Amino acid sequence: MDPSTDSSFSKPPLARLEVERMKPYSAPLEGRRTFLRLDFNENTLGPSPKVLEALRNISANQIAIYPEYSGLREAFIKNLSTQGLLTSLLSNQIGIFNGVDAAINSIFHAYGHSGETMLTTTPTFGYYTPCAQMQGMQVLSMPYQGKDFDFPFEKICTAIRETQPRLVFLCNPNNPTGTRLAPEKILEIADISSDTLIVIDELYEAFTGDSVLPSVNFADTPNLLVLRSLSKTAGLAGLRIGFAIGSPYVVDRIARVTGPYDINSFAVTAAFAALADQSYTDAYIKEVLQARDWIKVKLLDTGTRHHLDGGNYFLVWPRRQHHEVDICLKKEGILVRDMVGKDLIDGSLRVSIGTTTQMEQFWNAYLTIENKK
Ligand SMILES: Cc1ncc(COP(=O)(O)O)c(C=O)c1O
């Protein structure tokens with residue numbers, strides 16, 4: 001029940017006007033454990049065994065004291081170079097957050113001002129808009145273009161020139177369309193207005209290799225900020241840890257509005273272990289890319305309407321009512337995400353890509369449901 005309509009409580013104090021007006025981010029997060037979870041683009045196998053071992057070895061002492069973050073930024077920078085993302089980053093260019101969601105929230109707290117504009121694309125990750133609304137910002141969303149959902153480059157550039165937005169949020173590759181944006185284009189966008197903070201959400205970059213990090217010099221481009229997380233590829237979604245990478249100034253301002261111990265000791269311990277075992281994550285990414293090729297052939301061979309680009313997910317438009325197909329898949333033990341109400345892709349389902357065996361399980365169930373009389 002919406003607490004604001006619960007008549008068993010007398011009238012509570014009102015929150016800020018922006019908060020009273022905002023539409024909260026909601027996602028069907030409960031009761032998912034027993035299903036094949038192709039609904040949140042998570043790692044479908046779980047983290048490295050070394051992460052589990054490190055968590056088992058956590059001492060009572062470590063739990064009793066406040067978390068310590070020493071060495072974590074350096075471990076993150078080292079991990080980027082293991083991934084071939086050679087950078088000359090210093091530790092004061094890395095912010096640590098309780099998941100990238102918390103980084104996004106802090107960016108809005110530090111930079112989002114009532115009446116100013118947040119520019120983004122549509123459809124895209126659903127958390128940017130409520131954060132902008134929370135600050136009383138205007139949201140300007142540029143639609144992806146054409147049947148392939150191409151990035152609206154000229155429109156974004158023009159909107160930055162004409163509206164001087166305070167913040168620009170670009171998800172690369174985009175969730176849910178998979179649209180990719182080349183690093184040179186991002187630098188062109190960042191060059192337009194030094195007063196606009198350009199945030200590049202690279203949550204799914206591991207599946208495309210399009211990171212802007214090797215191309216950017218934050219000393220020249222201090223208005224660019226990059227977000228990366230251990231939630232998806234490294235399989236730590238339940239522990240919540242993410243990073244913001246940028247100029248020391250911007251990282252400091254965002255850290256100012258973040259609590260001193262917001263990232264807990266379990267997440268820190270798991271992050272050290274995951275960052276030190278990149279080969280496990282690389283093997284998972286390889287497996288997903290193989291499964292992606294497998295499902296692509298099936299979709300093409302059967303003439304199934306779909307859209308598959310960057311990221312560990314694709315969109316499919318069922319011939320039957322999408323809502324019905326979603327429910328039938330759930331009955332078969334498979335969760336996918338209904339894109340109902342999303343600009344341009346209403347009527348589709350977003351399906352996360354796991355292993356080839358998991359894609360086979362999905363595909364068999366999907367075909368059976370679609371072909372049911
Ligand atoms: C594009 C994008 N950004 C950020 C997030 C949140 O990431 P985290 O789990 O690190 O908070 C998600 C999660 O689905 C996402 O899809």
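Here are two short exercises on a predicted model, each with a worked solution. Local features need pLDDT of at least 70, side-chain atom pairs count only at pLDDT 80 or more, and totals for chains, interfaces and linings use all residues. Residues are numbered from 1 along each chain as its sequence is written.

**Exercise 1. Work out the strand order of the open sheet and find which helices pack on it.**

Solution.
- Start with the order: the 7 strands run E2-E8-E7-E6-E5-E3-E4, with mixed pairing. Strands (E, at least two residues) and helices (H or I, at least four) are DSSP runs, numbered from the N terminus, and two strands pair if DSSP finds at least two bridges between them.
- Now the edges: E2 (94-97) and E4 (138-143) each pair on one side only.
- Zoom in on one pair: E7 (224-229) and E8 (242-245) are antiparallel over 4 bridges, and Arg228 sits opposite Phe243 in E8.
- Add the helices: H5 (100-111) lies across E2, E5, E6, E7 and E8, at about 115° to E2. H9 (248-256) touches E2, E6, E7 and E8, and its direction makes about 25° with that of E2. Axes are lines fitted to C-alpha atoms, for helices over the stretch in contact, with angles from 0 to 180 degrees between N-to-C directions; contact means C-beta atoms, placed from the backbone, within 7 Å.

**Exercise 2. Describe how domain 1 meets domain 2.**

Solution.
- Set the bounds, which come from an automatic or database domain assignment: domain 1 is 15-45 + 279-371, domain 2 is 49-277.
- Count the contact: 32 residues from domain 1 and 30 from domain 2.
- Pick the main contributor: H11 gives the most to domain 1's side, with 7 residues.

Note on methods
Contact = placed C-beta atoms within 7 Å.
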